[in-house]
Amino acid sequence: MTTMTDAPDVLCERRGPLGLITLNRPKALNALTLDMVRVIDPALKEWAADPTVKAVVIRGAGDRAFCAGGDVRALYEAGLAAREGRGSGGFTRDFFREEYSLNRRIKTFPKPYIALLDGFTMGGGVGLSVHGGYRIVTEKTVFSMPETGIGLFPDVGGTFFLPRCPGRIGEYLGLTGARLKAADALYAGVGTHHVPGAELEGLLEDLSSAGWDGDAHAVAEAVIARHAAPAGDPPLGLQRAAIDRCFAGDRVEDILAALGAEGTDWATKTAADLRTLSPTSLKVTLEQVRRGRELSFDEAMALEYRLTQAILARPDFYEGIRAVLIDKDRNPKWSPASLEAVGEAEIAALFDPPQRPELVFVP
């Protein structure tokens, strides 16, 4: 992708019949800020109502990432200030409310919404893409929901899309933060087509010059199909049976026991990785994925908003960000430090409706 270093953090422009969004923070791997949300959301609202806009394409600038996540450092600073009595916490409420409203706008967008996942696609970048109709992966795609490693949980709609992955892949992805390349992303259902990176500019040109008479989705699918190519065999498929066996447990402790009984190198490494992650986040994530199977998209997003406000009142998110982004020692001290110390009632309370206002979507 072309890097536009002198341009704003996000560009929303017209290219013929297309609305084109370019996330333009390549040095920050196009991480999503609240200001970027406030540009993208009204653009999508306008384009949805504009009959001359036939489809939307969203891409990342630079050659490393589509979008590697949300602006968690800003959330860390605002949340920490509120915990220390130096702020109201308004930023954390605004960020999640407005980001989740944007996720919903993408989910309900009435025209083809085509995300070019060329590079890292994590956290907030998943929210900008996975709810749209077309998620184009390339040989550089790295798709992940790594939130349990920073004391959070897989949000931006993870409650909705993870339970709808095949078998127990949703539990596996949400708990471990496993990274998927192109073939695995297609296998898990989070990608829809594989297009080689060298073909993306041609795809964009063909979309912008296509005749958009008739059904827009049929046009989009035909153009994408001309550029699509096989992605190869998915390594995830080789572990599918083991994932379904091990990640079916009712508790995280049961999943670890099943991995131990599996006895393979993959199972041993997966269990070891899980033991480094926030015990509270692991239990929250398993519960959210299980609950999400029965929830509508709007219900899932409302639940996530409730969880963010509860989790940000606890210590693990701040410790996770400290260890990963501030001190970078990669040695978080979780509190509680073990799964056994995290009570089931404690987790259930995080899901209970709070006294503060909940998420309500507006048109």
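In the predicted model described here, strand E7 (residues 134-137) and strand E9 pair in the parallel sense over 2 bridges, where strands are DSSP runs of E of at least two residues and helices runs of H or I of at least four, both numbered from the N terminus, and where two strands pair if DSSP finds at least two bridges between them. Local features were accepted only at pLDDT of at least 70 and side-chain atom pairs only at pLDDT 80 or more, whereas totals for chains, interfaces and linings use all residues. Residues are numbered from 1 along each chain as its sequence is written, and side-chain values use heavy atoms, with hydrogens and water left out.

Within the E7-E9 pairing, the bridge partner of valine 137 is histidine 194 of E9. E7 also pairs with E5, in the parallel sense and over 4 bridges, and isoleucine 114 stands opposite tyrosine 134 of E7. From E7, Tyr134 and Ile136 point one way and Arg135 and Val137 the other way, and all are buried (under 20% relative accessible area, with exposed meaning over 50% and partly exposed in between, for a 1.4 Å probe and protein chains only).

These strands belong to an open sheet of 6 strands with mixed pairing, in the order E1-E2-E3-E5-E7-E9. Its edges are formed by strand E1 (10-15) and strand E9 (193-194), each of which pairs on one side only. Helix H1 (residues 34-49) packs on this sheet, touching E1, strand E2 (18-23), strand E3 (55-60) and strand E5 (113-117), and its direction makes about 20° with that of E1; contact here means heavy atoms within 4.5 Å, and axes are lines fitted to C-alpha atoms, for helices over the stretch in contact, with angles from 0 to 180 degrees between N-to-C directions.

An open sheet of 3 strands has parallel pairing and the order E4-E6-E8. Strand E4 (65-67) and strand E8 (142-144) stand at its edges with a single partner strand each, so one side of each is left without a neighbour in the sheet. The twist averages 15° from one strand to the next. Strand E6 (residues 120-122) pairs with E8 in the parallel sense over 3 bridges, and phenylalanine 120 stands opposite valine 142 in E8.

Among the helices, H10 (residues 235-246) and H11 (residues 252-262) pack at an angle of about 135°, with their axes 9 Å apart. That angle makes H10 oblique to H11, since angles under 35 degrees count as roughly parallel, over 145 as roughly antiparallel, 65 to 115 as roughly perpendicular and the rest as oblique. The contact involves Ala242, Arg245 and Cys246 of H10 together with Ile255, Ala258, Leu259 and Glu262 of H11. Helix H13 is mostly covered, with 12 of its 14 residues buried.

The largest nonpolar core (a set of buried Ala, Val, Leu, Ile, Met, Phe, Trp, Tyr and Cys residues joined through side-chain atoms within 4.5 Å) has 89 residues, of which Leu23, Leu44, Phe247 and Phe317 touch the most other members. Helix H14 (residues 297-311) gives the most to this core, with 8 residues. Apart from this core lies another, of 20 residues, among them Leu204, Leu207, Ala220 and Ile224.
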